[in-house]
Amino acid sequence: MLFEVSDARVNASNKNGRTPLHLALEHGHEHLAKLLLRRGADPNRADERGCACLHVVCKRSHYRNDALLKILFEHGNGPIDVDARDDEGDTALRLALIDGLDKVAEILLRQGANPNLANDRGETPLHAVCQKKCDDAPAKIFYDVYDDASVKMFRDLCNGASAEMLLDVCNDASAKTFFEVCDELDLRVRVDAKDGSGRTPLQWAVAMLLPTTVDVLLDHDADLSSFVLPTENRFDEGFRKFSNDDDDDASRNFRLITASCAWTIVERLEKSGYELDRSEALTMMKLFSEHGLIEPSGDPPERWYDDEWLAWQAKRIKVNSSLSLYDFIRLTAEEAAKLLAPKDYLELARSKKLWLVYWGTSWDCCITHMCDKMSWKFFRFWALDPFRELIRYRLPIECCETILKRLTSRNLRRICLADAGRSLVKEEPSDASLTENDWETMDEKSDLNNFQHLPLQQVNATEEHFYTFWARITGQIDARDKSGNAPLHLAIPSLAYNILDLVRSLLEIGADPNLANDAGSTPMHLICKRRCFDGLGQLFWRLSPPRWGSRCGSMPATSRAIHRCTMLWSMSTTRWSSCC
């Protein structure tokens, strides 16, 4: 009505430089946009930030952006500049790909948009595809399978984000669609273009953990000759993209997606001819350790695998056609590595099977367990050479592989760190005499002998069979670290469930019970500092009576107190035996 009775200025700009057409497109008013174009509105007019009408449409995070774009091209007056840039140098095509608007991007390409124009930061549209923070379409699962309540729950899990927006942004076909359209139109894409920081699309896709995008880039001959695996800091954003400070259920579920995406990418890179070096392998191990994707040392706080509700659900979830999650949990890491590849875990993580299960402590441990089993093969492979170097090649490779099969992912990583000259006590200190200043002065690439913290002391105390084997092979039974601690000093403060067996093994193979560290403390001093009397004193008294005094002149306890504790332990043991 306004256009019929008055001569309205359809190209008038407000204080931000925006015309009525800008605002109509921004708010999705299709009919009004058609009227403005028929009345002569200029679709190429830019606002104060350099955004033309195409930029406005491609920045919208709502549906029907493709319909608005078609209106511009069908009802516009004269040609539209599809490669117009805003103040940051971004074209409409790049903005559309940033938000995952694949249909919009396809329309722009068919209208002649240049797929290689870079912005002021040197980032091309292909960089935008590879910088997306999601490679999955979990929202689509809920639209296809579940009801409105399930969709609402999904929105809640994703911190209130719009499921429609996630469905667009998180689709898995952006790179594939982009290349298919460009191939159809015979448009050459610069696959190895570098941005202002020197990063190629492939490096971005790897860092953001986008396995499908990595596959597409490698299928289109992305150059691996100059490729370098992203650094820890650049990888970190990809590892954190689904996590938050609250550690809620969504974060726990997405951990499996994160782990499976990472190993799927590594597997694809290796199959394409890329060879990781040891430092890159350590980077991957560190990221998995820091983000809780491998199991902690020792037994879990609860026997989560005995949870009846977990077992009930796990029996109904199929990891593949012939293996239930319940059976998978009971496999060894080696057996799981033979049956499942990273892509199998990724397929499970992307499916609907894990979305609506009951989430609690047991399920949290189960997800970590799955991530750990997925990682174990990689950790074992990279621990083999460091292990052989640390034992100075005294065993055949077959024996070394047999030993490593019995170790956990975390302990395999410890071997790699020991060989690299790093100290695990920095991450998991077991003695107060090792101060933070000691670790700050360490050079991460320094020789292990220069730091004087030896491999035997870096093995987890719960791995008693390996701990004693190492001592026999290397002769490091009484080796000392920078603070004068021998392996026996470090074993005693441990809270390992098999502490008695561990200490007994060390004493039986010749560990000196009277060695004092730099603080003047003998192993008996450390025994007397423990919060509970669990038989260590009795064990020392029986196997190798220690000297009670230290060079500082102090005694861990009076002889009478030690004797009384020893007698009480013996009496309780005798009475229990007679009762049995």
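**Annotated repeats, helix H14 and the surroundings of Asp372**

The unreviewed UniProt entry places the feature "repeat: ANK" at residues 16–48, 88–120 and 483–518. The structure discussed here is a predicted model. In that model, residues 16–48 are 48% helix and 0% strand, and the C-alpha atoms at the ends of the span lie 6 Å apart. For residues 88–120, the end C-alpha atoms are 6 Å apart, with 48% of the chain in helix and 0% in strand.

Helix H14 spans residues 211–219 and is mostly covered, with eight of its nine residues buried. The buried set begins with Pro211, Thr212, Thr213 and Val214, and continues with Asp215, Val216, Leu217 and Leu218. After H14 comes Asp221, a residue with a positive phi near 65 degrees. Asp221 belongs to the loop that joins H14 to helix H15 (232–240). Its positive phi occurs although Asp221 is not a glycine. With a relative accessibility of 64%, Asp221 is above the 50% cut-off and therefore counts as exposed.

A second non-glycine residue with positive phi is Arg392, for which the angle is about 55 degrees. Arg392 is located in the loop between H22 and helix H23 (397–404). The relative accessible area of Arg392 is 48%, so this residue is classed as partly exposed.

Helix H22 covers residues 361–390 and contains Asp372. Asp372 is buried but has no salt bridge, and the nearest side chain of opposite charge, that of Arg410, is 6.6 Å away. A salt bridge would require a side-chain nitrogen of Lys or Arg within 4 Å of a carboxyl oxygen, so the 6.6 Å separation from Arg410 does not qualify.

Polar partners of the Asp372 side chain are nevertheless present. The backbone nitrogen of Glu295 is reached by this side chain at 2.8 Å. A polar contact at 3.2 Å links the side chains of Asp372 and Ser409. When neighbours within four places in sequence are left aside, the residues in contact with Asp372 are Leu293, Ile294, Glu295 and Ser409. Glu295 and Ser409 thus appear in this contact list, Glu295 through its backbone nitrogen and Ser409 through its side chain. In summary, Asp372 is a buried acidic residue without a salt bridge, and its side chain has a polar contact with that of Ser409.

Notes:
Residues are numbered from 1 along each chain as its sequence is written. This is a predicted model: local features need pLDDT of at least 70, side-chain atom pairs count only at pLDDT 80 or more; totals for chains, interfaces and linings use all residues. Side-chain values use heavy atoms; hydrogens and water are left out. Buried means under 20% relative accessible area, exposed over 50%, partly exposed in between (1.4 Å probe, protein chains only). Helices (H or I, at least four residues) and strands (E, at least two) are DSSP runs, numbered from the N terminus. A polar contact is a pair of N or O atoms within 3.5 Å; within protein, one must be able to donate a hydrogen and the other to accept it, and residues adjacent in sequence count only if both atoms are side-chain atoms. Contact means heavy atoms within 4.5 Å. UniProt positions are given in the numbering used here, feature names are shortened, and annotations may be inferred rather than shown by experiment.
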